[in-house]
Protein chains: 2
Amino acid sequence: MDAGSTYLYRQIADNIERKIESKDFRAGEKLPSVRNICRELGVSMSTVLEAYYYLEGRGYITSRPKSGYFVRQLPAKRLARPEISTPGVYGEDADVTNMLVQKIYRSFHSDENILFSVGVPGKEFLPVARLDKEMVRALRSLPGSGTLYESVQGNVRLRRQIALQSINWNGNLTADDIIITTGCMEALSLSLMTVVKAGDCIATESPVYFGLLQLARGLGLNVIELPTDAQTGVCVRSLMKLADEGKIQACCLISNFNNPLGSSIPAVNKREITEYLSQKNIPVIEDDLYADLFFGLNRPLSCKSFDKNSNVIWCGSVSKTLAPGYRVGWVAPGKYLERMMHHKLVSSVSSATLQQEAVATFLESGRYENHLRKLRGILHTNCMKLTDSVSCCFPEGTRISAPGGGFMLWVELPDCFNTTELYDILMEHKISIAPGRMFTLQNQYENCMRLSFGMEWNETINQAVKVIGRILTQYEKTMTRCQ
Amino acid sequence: MDAGSTYLYRQIADNIERKIESKDFRAGEKLPSVRNICRELGVSMSTVLEAYYYLEGRGYITSRPKSGYFVRQLPAKRLARPEISTPGVYGEDADVTNMLVQKIYRSFHSDENILFSVGVPGKEFLPVARLDKEMVRALRSLPGSGTLYESVQGNVRLRRQIALQSINWNGNLTADDIIITTGCMEALSLSLMTVVKAGDCIATESPVYFGLLQLARGLGLNVIELPTDAQTGVCVRSLMKLADEGKIQACCLISNFNNPLGSSIPAVNKREITEYLSQKNIPVIEDDLYADLFFGLNRPLSCKSFDKNSNVIWCGSVSKTLAPGYRVGWVAPGKYLERMMHHKLVSSVSSATLQQEAVATFLESGRYENHLRKLRGILHTNCMKLTDSVSCCFPEGTRISAPGGGFMLWVELPDCFNTTELYDILMEHKISIAPGRMFTLQNQYENCMRLSFGMEWNETINQAVKVIGRILTQYEKTMTRCQ
């Protein structure tokens, strides 16, 4: 059973979804108003809205301003969701992952390529003009125009803003709880250096962001990849079992809109994980840099929201929402703060001064929330468009994730496909995808790919998806294994 | 015997030094012209100039524009130089070093403190207005105003400039040989992560920059601290012996104007070290971020200058010369380039975009050399002033380094002094020094301190040195061990 359906909003959503699938609700038809459903089912407004947002994310319904929600024209076929992953039964080969990652990164350097492989939002969506102004202001206001060292802990105004925003998700941080880092990668790197040492073992979701895997291996850590559901994230039972057996010294989770799977750990699971691992004194490193890009009603909670014992190390950045090139990230290390400050001091002294000041002023101005609202709308629409395109032209048996936020789709092709091979073929058409094999140290996910929908959507993109579909179909025909 | 005196310029300098000490040359007297000495001794102009620069650095002579060199008024007493260090015979205690470093860093946050402990040049000496302009220009010219990721390897124009400058010291690098990093600390961190793993052992000079020690310990490395001469740097024989015995997997040297000792490894030793360790396949990590701050005629050579087998990993930055807060550093990893690129990608993606562009334009404009020339003059003068002040008012038996560049003096007090204790006493007078114990993992150098002369010199600074002198004298009287 899908763990997600135990939530009230999911029950409501699943019910409506069934009615749409069975044509009880027809394409173009107006859905009952939120108010009506509230009354009828005796539930809160926010639960119904959550259900509608969820269905919107799944591509079943669409909202029209001031008119309400309508059933969408469903694509000719709807793809199933990926099954829960079962990693760890294959041999590990970190070098394959390495080489693949390097190869994919090389494709980024040409403007000619259509980059479904890049994990950042398109530059058209960034508030460049405004940030530019904040940067000039920072040059004027900082002593020495930003040539001097910022403190090790980082710009206090920026830390204050991050702390303020944490109220939205019950983080309740103060400026003193936070260290500014050079992007989220430094936050993760410092976290690992602070709580584990070479030879130790960490648990992660699977598939998972390759940077995390590579970083861990680079620090001489062993990694156990856990079974993960494309909707509800890591399998809590597997994680607890590892903890019980004393096999892991830390756990590293992308808890919201996981890269690449799009999964979000339900609040109840977050609480359970946080409390259980705290009892076992196993630090939770929470990579939470996508949470602000939700398609639903509210920003989802984080493990840190339930962190009574300061055992969760919460990491974030503006790289996925505001300015990747600024390299502004942060970490709230809980009880590991002092040790991490030391690692920060000796591994990088402090982060670049100017960008911290510019981002601080941008956040203080209140423009960030405004910007995020727009960006979320664009990404949500893009998500539906890419889902529709893939549904239309990818081969029979393809499965696809239905993320509730972020900008990535996880596509599972039938077993006969090899996306590492397909990568080279697609690059001949100047289309770059991220093969599934990048997101694991094991020999698996060869039939999967991650597609980003962070770019500005246009007909070229749409055609590129069709090209992928056509090449997949040709590829399938040549594969005897598939017949 | 002092290894340095085997060089021709040192023989000339030592000869003149003896004549000044014996009053054969009297204060205020004009020294023979460079041309005359050349003729008389049959040596090259640059050898004589090197000797004069060396004597100027030692405070014996001073140059007057268009008039030549003159004997300075010597201070009432001249201090001896520190003896060669003999580390490694005491117990290791990394925690003591840790805590001390953290304590000293806290003193940086108050503008009220006189910071002899800070290892950066004063902000008055940075070309702030010009960098400000370059930054605004970078905002205008970069796509997305610097909000987008720079490539993993870094800004190609900046790499080209660094490569161009390497011709000055026979580095002969190309833009492709270089990776841009977030300050020199990231360069060191990537270097260690690339060539050694937890449990491995590295050799360093002793005393040595605490950041290097802490970083190494943080990565689970063992550190062997080598005997080091305050003029000529690491003891080559000790280093070779370790290499022969297979006890080290890498060697990490601050080859020019070492922090904190001020030592510079003579070219002939650099060549010997480079060739020998290359034969043994032991990578040399060369932290070379002070080399541009020479007081002499030319920039000294680096180990990288002799690196025929691409075994030297050469690290630098603009943090000590241009803009600490920009966090712009670099590394030329030789044959380890590809592996290091991978570590760079997974540990930080790329460095901040804007500062790379601004520094690139600044270097292209040719203003860097001009700026350095001014900065070197100021630092050389400050070095002499601080040496004179310390010589005048520190207790009998004090020894002091005579660096040929950089901005730090190493002061060795008689054995009864404990500079870790003295730190707290001096902080009551709002004077911050760097106690010797910071620069080692062993229980040693408690009678030493590092004093920076990077700040703008004024009467307050001069008075502060006198306060230190007075407190040292009082402290000495209360110490029964000294009696």
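Through which surface do the copies meet, the same or a different one? Start with the interface residues of chain A. Of these, 100% are also interface residues in chain B, so the copies meet through the same surface. Keep in mind that this is a predicted model.

**Stop 1: the axis.** Superpose chain A on chain B. A turn of 180° with a shift of 0.0 Å along the axis lays one on the other, at an RMSD of 0.1 Å. That is the relation of a two-fold axis. Now select Ala198(A). Its C-alpha lies 3.0 Å from the rotation axis, the closest approach of any residue of chain A.

**Stop 2: the contact.** Select the residues in contact across the two chains. You should have 55 residues from chain A and 55 residues from chain B. Together the chains bury about 4400 Å², and carbon and sulfur atoms give 67% of that area. Next, pick Thr147(A), Tyr149(A) and Val346(A). These supply 15% of the area that chain A buries against chain B, more than any other three residues.

**Stop 3: polar links.** Show the side chains of Arg140(A) and Asp132(B). They form a salt bridge, with N to O at 3.5 Å. The count of salt bridges between chain A and chain B is two. Polar contacts join 17 residue pairs between the chains, counting pairs with both residues at pLDDT 80 or more.

**Stop 4: the elements.** Color the helices of chain A. On its side that touches chain B, two or more residues each come from H4 (94–106), H5 (128–141), H7 (183–195), H8 (210–218), H11 (337–348) and H12 (353–364). Finally, color that side by residue class: 26 nonpolar, 22 polar and seven charged.

Key. Residues are numbered from 1 along each chain as its sequence is written. Chains are lettered from A and ligands numbered from 1 in the order in which they are written. This is a predicted model: local features need pLDDT of at least 70, side-chain atom pairs count only at pLDDT 80 or more; totals for chains, interfaces and linings use all residues. Side-chain values use heavy atoms; hydrogens and water are left out. Copies are superposed by least squares on the C-alpha atoms of residues with pLDDT of at least 70 in both. Contact means heavy atoms within 4.5 Å. Buried area is the accessible area (1.4 Å probe) that two parts lose on being put together, summed over both. A salt bridge is a side-chain nitrogen of Lys or Arg within 4 Å of a carboxyl oxygen of Asp or Glu. A polar contact is a pair of N or O atoms within 3.5 Å; within protein, one must be able to donate a hydrogen and the other to accept it, and residues adjacent in sequence count only if both atoms are side-chain atoms. Helices (H or I, at least four residues) and strands (E, at least two) are DSSP runs, numbered from the N terminus. Ala, Val, Leu, Ile, Met, Phe, Trp, Tyr, Cys and Pro count as nonpolar, Asp, Glu, Lys and Arg as charged, and the others, Gly among them, as polar.
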